[in-house]
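Me: Could you take a close look at one part of this model for me, the place where the domains meet? I'd like to hear what is there and how it fits into the rest of the chain.

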Amino acid sequence: MNSRQLLKIGVPQYCLKTAKTAIQKAVADNKIRGKELKERVQSVVSRPEDFLEDSAFSQLAFELVDDNREEVFEPIDYQVWGKDGIDDGALSQMDLACHVPSARGAALMPDAHHGYGLPIGGVLALEDAVIPYAVGVDIACRMKLSVLDISVDSLDKKRHQFIDAINRGTAFGVGAAHEKRQHHAVMDADWTVSKVTREKKDKAWKQLGSSGSGNHFVEFGIVTFTEDDEELGLTAGEYVALLSHSGSRGAGAAVCSTYSSIAQSRLHKRHHKLGRLAWLEMDSEAGQEYWAAMNLMGEYAAANHAVIHENVSELLGSKVISGVENHHNFAWKEEHGGKEVYVHRKGATPAASGELGVIPGSMADPAFVVRGKGNAASLNSASHGAGRCMSRRKGKEKYRWNAVKNDLEKRGITVISAGADEVPGVYKNIMEVMAEQQDLVEIVARFNPKIVKMCGDGSRAED
């Protein structure tokens, strides 16, 4: 029996070698094979305690019995920011994440809401392990803001040019790509770090400079600095800025799917409740492959934004004079509490002391350029946005897109395309979220959206 057949009848991934050795012994000593052999293996998997003294299957039985033992230990504690606005599902998911054996620190941000595995807005530090689903499907989903050398009044006077620049500078939708392949040095990186990245390199190249679907957007707006900022090289005042939100597209999703499946196949039965919180040990081959692939997806996501901003600014005939960008949906090797840990920020912004980042609101609400305060209790983290307060399905049921679009137009916000699942009403109040995390970040500047483009073709969400 091969590995695929053994997995199909319930033999755990980590028991395959033992199972094959047992089968060879059973065939040699007991002369069983075919249907009888398959049924015997199934019996061992379902009732391992009955085979602890079996001459052929005892070792496999011992491993499976050990696998079924309950592991009792105290979960770690975590701090919550903005608890009153967080749904019970997110809190339950965070409680469960704190039961991961290698968990050494955790926190929940004020934009938190229910997700898959780790909740959106969840921060989790592990020792010697990484959880693909605690990073997320859209690996290295990223914010990028570029300040442009163009007058603020041009947003009204030449609005059609701004709209044209966005429409031609990127592409939205599942599987969306530019008609002409874009170029960036990231495509010269080593894409052979894992089988999946090697196989997805061509797809990644086709999608380079595209924005996908879900909550991804590209928008123009006015960013206001109330004080001079020496680090950014900007004086107090108003500027036109380009803001984008997207990640590693199809390649990143494939990396997550591949390595989360591997992690879940290795999850002991005694940890079955953890489900998508299955981890890969960093001293394993799969753990090292995932880490390399995840970091490559981080480089690719950054390149994706770089291409978008270069395309759009060139089409507009402007130059970038300053900017801020940051990942979320990523894991970083950091030191906290005197230990080296892998900090997963799923929908959370890095906010070490002095670290710059961008926290968006919605298509009608402001985004904020922030500087981290390095709060140890949050593992140097902050929210990654306003956070959803309504599911996509409920949003589509409650709101009529054309009515929302017309209302926004009256408020001076042009939305080129989007869907009812991304209207302002499906998000929490960004001002309240920012108020809940004053001990995590300080506000450097405020960005007010004026021209917004999101996926409007009904594609499934890629975020």
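Reply: Here's a walk through the domain contact, followed by a look at the chain around it. Keep in mind that this is a predicted model.

Let's start with who is meeting whom. The protein chain splits into domain 1, covering 3-68, and domain 2, which is made of two stretches, 139-326 + 348-454. Going by C-alpha atoms, the centres of domain 1 and domain 2 sit 48 Å apart. On the domain 1 side, 7 residues take part in the contact, and domain 2 brings 6 residues to it.

Now for how much surface goes into that contact. The size of an interface is often given as the accessible area lost when the parts come together. For domain 1 and domain 2, that comes to about 630 Å² buried between them, with 44% of it on carbon and sulfur atoms.

You may want to know which polar links turn up here. Between domain 1 and domain 2 there are 0 salt bridges. The polar contacts tell a similar story: 0 residue pairs, counting those with both residues at pLDDT 80 or more. As for what domain 1 offers to domain 2, helix α4 (residues 58-68) supplies the largest share of that side, 3 residues. By type, the domain 1 residues touching domain 2 are 3 nonpolar, 2 polar and 2 charged.

Salt bridges do show up when you search the whole structure, which has 21 of them. One to look at is the pair Glu36 and Arg40, whose closest N and O atoms are 3.9 Å apart. That just makes the cut, because a salt bridge here needs the nitrogen within 4 Å of the carboxyl oxygen. Glu36 and Arg40 both belong to helix α3 (residues 34-46), and they are about one helical turn from each other because they are 4 residues apart in that helix.

Stepping back to the full chain, you'll find 14 helices and 17 strands in the protein chain. Its C-alpha trace spans about 85 × 45 × 40 Å along the principal axes. The radius of gyration of the protein chain is 25 Å, which agrees with the value near 23 Å for a compact globule of 463 residues.

Conventions
Residues are numbered from 1 along each chain as its sequence is written. This is a predicted model: local features need pLDDT of at least 70, side-chain atom pairs count only at pLDDT 80 or more; totals for chains, interfaces and linings use all residues. Side-chain values use heavy atoms; hydrogens and water are left out. Domain bounds come from an automatic or database domain assignment. Contact means heavy atoms within 4.5 Å. Buried area is the accessible area (1.4 Å probe) that two parts lose on being put together, summed over both. A salt bridge is a side-chain nitrogen of Lys or Arg within 4 Å of a carboxyl oxygen of Asp or Glu. A polar contact is a pair of N or O atoms within 3.5 Å; within protein, one must be able to donate a hydrogen and the other to accept it, and residues adjacent in sequence count only if both atoms are side-chain atoms. Helices (H or I, at least four residues) and strands (E, at least two) are DSSP runs, numbered from the N terminus. Ala, Val, Leu, Ile, Met, Phe, Trp, Tyr, Cys and Pro count as nonpolar, Asp, Glu, Lys and Arg as charged, and the others, Gly among them, as polar. The radius of gyration is taken over C-alpha atoms; the globule rule is 2.2 Å times the number of residues to the power 0.38.
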